[in-house]
Amino acid sequence: RAIGTGPPLLLITGYGGTIDSWDTQFVDALAQQHRVITLDNAGIGKSDRLPAPLTIDAMAGQTSALIDALRLGRTDVLGWSMGSMIAQALAVLHPSQLRRLVLCAGYPGNGTTVQPSRRELNSFESGDPQEVMAALFPADQTAAQNTYLAAISSYPPAPPAPADVLAAQRHAVDAWWNGTDPAGTRPATIAVPTLVADGTLDRLDPVANSKTLAKLIHGAELRLYPDAGHAFL
């Protein structure tokens, strides 16, 4: 899906996310100055599955192929949550395709990740809309939560990600967190201008991870938003 005109900006979503997980107001704001491209990750929607075992690096390779197929050239890339891992791997493995990099609610892949609690992960993975929203937004930010829900409800209903794809994504994320994904161990090779951003109250991604990531990527700018959580965007 593409909207807007200007330099290309590719948005890569996170665990279990689909092309319809992006807040329409957020996308519209970006599209005032960019051609914004959103995609479904491997095995979701109309995107082809990748051979097992699914890895962050393989999803980065599939994203690289999309950049080539659309002839985007050097592209600005924004990754959110698991999408930030894919974006990092893209910058490491296919550096000539990137112009600028934005890592939202990002995680380092060198084995230093501070992992969220099992309780928070269970809430996010429960499939219960209230539990999912509670994991994404601070308890006192119901207005932001309701705005997000209204925005994504404007998309036509889409089937959820298949259970086996979610399980494969979970293994890929675990490998990144544990420092066994090859690209994840090489953040120091990222040479494009990079912004690392998150909410200070992110329960799915402790803020220490963004601080670590900003130190690992030379010259990266760190921006933390108060009173915001994982869905700070």
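Reader: In what order do the 7 strands of the open sheet stand?

Author: In this predicted model, 7 strands build an open sheet. Their pairing is mixed. Read across the sheet, the order is 1-3-2-4-5-6-7.

Reader: Which strands stand at the edges of the sheet, each with a single partner strand?

Author: Each edge strand has a single partner, so one of its sides is left without a neighbour in the sheet. The two edge positions are held by strand 1 (2-3) and strand 7 (221-225).

Reader: In which sense does strand 1 run relative to strand 3, parallel or antiparallel?

Author: Strand 1 is joined to strand 3 (residues 35-38) by 2 bridges. Within this pair, A2 stands opposite I37 of strand 3. The two strands run antiparallel.

Reader: Which residue in strand 3 is the bridge partner of P8?

Author: Strand 2 and strand 3 pair over 4 bridges, in the parallel sense. The partner of P8 in strand 3 is R35.

Reader: Through which helix does the chain cross from strand 2 to strand 3?

Author: The connection between strand 2 and strand 3 is a β-α-β crossover. Its hand is right-handed. The helix on this path is helix 1.

Reader: Which residue of strand 7 does L195 stand opposite?

Author: Strand 6 (residues 194-199) pairs with strand 7 in the parallel sense, over 5 bridges. D198 stands opposite L224 in strand 7. L195 stands opposite E221.

Reader: Which helix lies on the path from strand 6 to strand 7?

Author: The chain makes a β-α-β crossover from strand 6 to strand 7. This crossover is right-handed. The helix that it passes through is helix 8 (residues 208-216).

Reader: What angle does the direction of helix 3 make with that of strand 5?

Author: Helix 3 (residues 82-93) packs on the sheet. It touches strand 2 (8-12), strand 4 (75-80) and strand 5 (98-104). Between the directions of helix 3 and strand 5, the angle is about 155°.

Reader: How many residues line the largest pocket, and how many of these are nonpolar?

Author: The largest pocket holds about 950 Å³ of space. Its lining comprises 39 residues, with Y15, G16, G17, S21 and V132 nearest the centre. Helix 3, helix 4 (118-125), helix 5 (129-136), helix 6 (142-152) and helix 7 (163-177) are the elements that give two or more residues to this lining. By class, the lining contains 9 polar and 4 charged residues, while the nonpolar ones number 26.

Reader: Which element gives the most to the lining of the second largest pocket?

Author: The volume of the second largest pocket is about 350 Å³. At least two lining residues come from each of helix 1 (24-30), strand 4, strand 5 and strand 6. With 4 residues, the element that gives the most is strand 5.

Reader: Which residues lie nearest the centre of the second largest pocket?

Author: The lining of this pocket divides into 13 nonpolar, 2 polar and 2 charged residues. It is made up of 17 residues, and those nearest the centre are L30, L78, L101, V102 and L195.

Reader: What is the omega of the cis peptide bond that joins A52 and P53?

Author: P53 is located in the loop between strand 3 and helix 2 (56-69). The bond from A52 to P53 is cis. Its omega is about -5°.

Reader: What is the positive phi of R71?

Author: R71 belongs to the loop between helix 2 and strand 4. Although R71 is not a glycine, its phi is positive. The value is about 55°.

Conventions. Residues numbered from 1 in each chain as written. Predicted model: local features only at pLDDT ≥ 70, side-chain atom pairs only at ≥ 80, totals over all residues. Heavy atoms only, no water. Pairing = 2+ DSSP bridges. Contact = heavy atoms within 4.5 Å. Axes fitted to C-alpha atoms, helices over the stretch in contact; angles between N-to-C directions. Right-handed = clockwise from strand over helix to strand, strands pointing away. 1 Å grid on protein atoms, 1.4 Å probe; cavity = no way out; pocket = protein on both sides within 12 Å on 5 of 7 lines; lining within 4 Å. Points joined across faces, edges and corners; volume = space filled by probe spheres on them. Nonpolar A, V, L, I, M, F, W, Y, C, P; charged D, E, K, R; others polar.
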